[in-house]
Amino acid sequence: MDQAPVKIPSRSFLQELAKKHKLELLGIVALGKEPEFARFEKWLEDGFHADMEFMARNLACREDPRTLQSGAQTALIFGYQYYQGDKAQKGKAQNETRVAQYARLKDYHKFLRRHCSAFWKELEEHFPNIGSMRVTVDSAPLLERALASRTAEGFIGKNTLYIHPKKGSYFLLGEILSDSVFPTDTPSAVDPKQRTPAGGCGSCKRCQVNCPTGALDEAYRLDAKKCIAYYTIEHRGIIPIEFWHGLKLYFFGCDICQLVCPYNRGQQAVKSEHLKLIGLPPLAAIASMNQAEYEQWFGGTPMTRAKKDGLRRNALISMVVNDHEELPKTLSILKEDDSPLIQGTLQQISDYRSLREGEKNLESLSAAKSSLRESH
Ligand code: B12
Ligand code: SF4
Ligand code: SF4
């Protein structure tokens with residue numbers, strides 16, 4: 001006997017349900033061979049993934065997401081908004097640097113997964129034959145932004161972020177890979193070279209110009225070897241001194257290429273039930289924190305990705321770069337520290353200072369040269 005055809009929910013039903021589960025964006029894309037895979041392969045070949053070896057694994061899944069879930073045909077792509085109201089300029093506490101806004105929430109891998117699963121559970125109540133699925137939130141070898149770039153709204157900016165023309169880029173992405181065939185989006189026809197109401201960067205270069213370390217020197221491509229988000233979140237060793245100045249504003253993650261983006265102008269801060277870090281302990285306390293303090297302050301947030309000593313390394317560098325008033329005291333406390341990462345970082349401080357001194361001398365030399373030229 002033939003099976004009854006699976007009833008499929010309408011787009012507006014899915015949209016409403018997503019909103020109900022605090023999933024502000026919904027895109028639907030057919031799964032198949034990933035057309036942007038070549039771009040990804042080139043990025044790897046060029047070594048722009050730095051030490052993130054996990055990016056070079058499971059390439060077959062990134063090339064064809066259907067291999068992640070047998071029978072999967074469609075991806076539902078969700079976006080969770082997290083903007084906390086930060087502005088591009090430095091805050092009042094000049095020496096207390098920031099944490100990227102996404103990291104002030106509890107770990108999004110967990111809560112966004114719960115939102116996506118609750119969405120599906122309710123969908124199943126209305127459509128019991130909807131089939132099986134797999135939720136992924138940065139948890140599978142999937143090119144999430146490549147998928148998102150084929151949804152009806154939104155586009156990839158020169159900062160490589162997925163941007164919604166009206167809602168900006170402060171979104172965390174989560175996906176449901178489903179074996180049902182949903183009505184898929186017609187991708188928004190955004191020409192990256194034009195600025196249109198549907199999006200596109202046009203001639204804007206604000207993210208590229210404002211990136212403190214030149215990680216976006218080529219548009220639409222991020223070189224992790226130069227990116228502060230990479231160094232402060234993913235990098236396990238000593239941060240090379242030529243990038244230390246990039247920790248002037250942030251000591252974990254970096255939002256600069258989003259803060260300056262015109263598509264994020266006028267966004268309203270989102271009240272999230274998942275906000276965890278309301279205040280931050282002072283940098284000096286972070287630089288010398290013990291395991292119990294680390295767990296109490298940062299447990300359950302994305303900041304645990306850097307681990308205790310990684311956060312301490314970041315806080316110490318941020319203090320050095322900002323000539324923090326507590327630095328001398330912190331240095332004397334850390335002298336006896338048993339972490340090789342902290343000891344290695346301490347050993348680099350004098351080299352960093354010589355580097356800065358050299359740069360300052362060069363700057364004043366070139367200023368003197370140009371004033372000499374002007375006076376002739
Ligand atoms: C590795 C990684 C990083 C690395 C490298 C980032 C990078 N740009 O590649 C580091 C540690 C630096 C990082 C930093 C951040 N990350 Co991150 N990261 C990832 C991860 C795990 C993989 C990204 C990846 O595959 N990179 C390789 C490059 C080549 O791929 P891609 O940039 O995604 O680009 C693909 C498509 O966009 C498309 N494409 C690219 N350019 C263009 C241009 C055009 C015109 C078109 C049509 C297509 C296209 O092709 C590419 C290859 O397939 C994803 C999760 C995931 N599984 O996808 C999260 C993810 C990208 N990160 C995220 C976030 C929030 C951040 C930070 C904002 C965190 C912070 N505040 O510090 C920063 C942002 C830095 C930035 N400008 O990208 C979000 C981004 C959400 C969004 N709105 O885009 C993701 C999707 C995680 C999530 N599930 O929400 N991240
Ligand atoms: S996250 Fe910061 S360092 Fe990385 S590309 Fe954006 S602005 Fe540059
Ligand atoms: S800052 Fe300008 S160039 Fe960069 S992503 Fe935003 S619109 Fe595009």
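Which residues lie around ligand 3? In this predicted model, local features need pLDDT of at least 70 and side-chain atom pairs count only at pLDDT 80 or more, while totals for chains, interfaces and linings use all residues. Residues are numbered from 1 along each chain as its sequence is written, and chains are lettered from A and ligands numbered from 1 in the order in which they are written.

Ligand 3 is surrounded by G157, K158, N159, C201, C204, K205, R206, C207, V260, C261, P262 and Y263, a residue being near a molecule if its C-beta atom, placed from the backbone, lies within 6 Å of it. Seven of these shell residues are nonpolar, two are polar and three are charged. Here Ala, Val, Leu, Ile, Met, Phe, Trp, Tyr, Cys and Pro count as nonpolar, Asp, Glu, Lys and Arg as charged, and the others, Gly among them, as polar.

Turning to ligand 2, its shell holds 13 residues, the closest being C211, C227, C254, I256 and C257. Two or more residues each come from α7 (228-234) and α8 (256-259); helices (H or I, at least four residues) and strands (E, at least two) are DSSP runs, numbered from the N terminus. This shell has 11 nonpolar residues, two polar and no charged ones.

Strand β2 (residues 74-81) has seven of its eight residues buried, that is, with 20 or more other C-beta atoms, placed from the backbone, within 10 Å of their own. It runs antiparallel to β1 (residues 25-30), joined by six bridges, with A30 partnered by T74. Eight bridges also link β2 to β7 (residues 171-178), again antiparallel, and A75 stands opposite L177 there. Strands pair if DSSP finds at least two bridges between them.

Methods: Buried ≥ 20, exposed ≤ 12 C-beta atoms within 10 Å, placed from the backbone.
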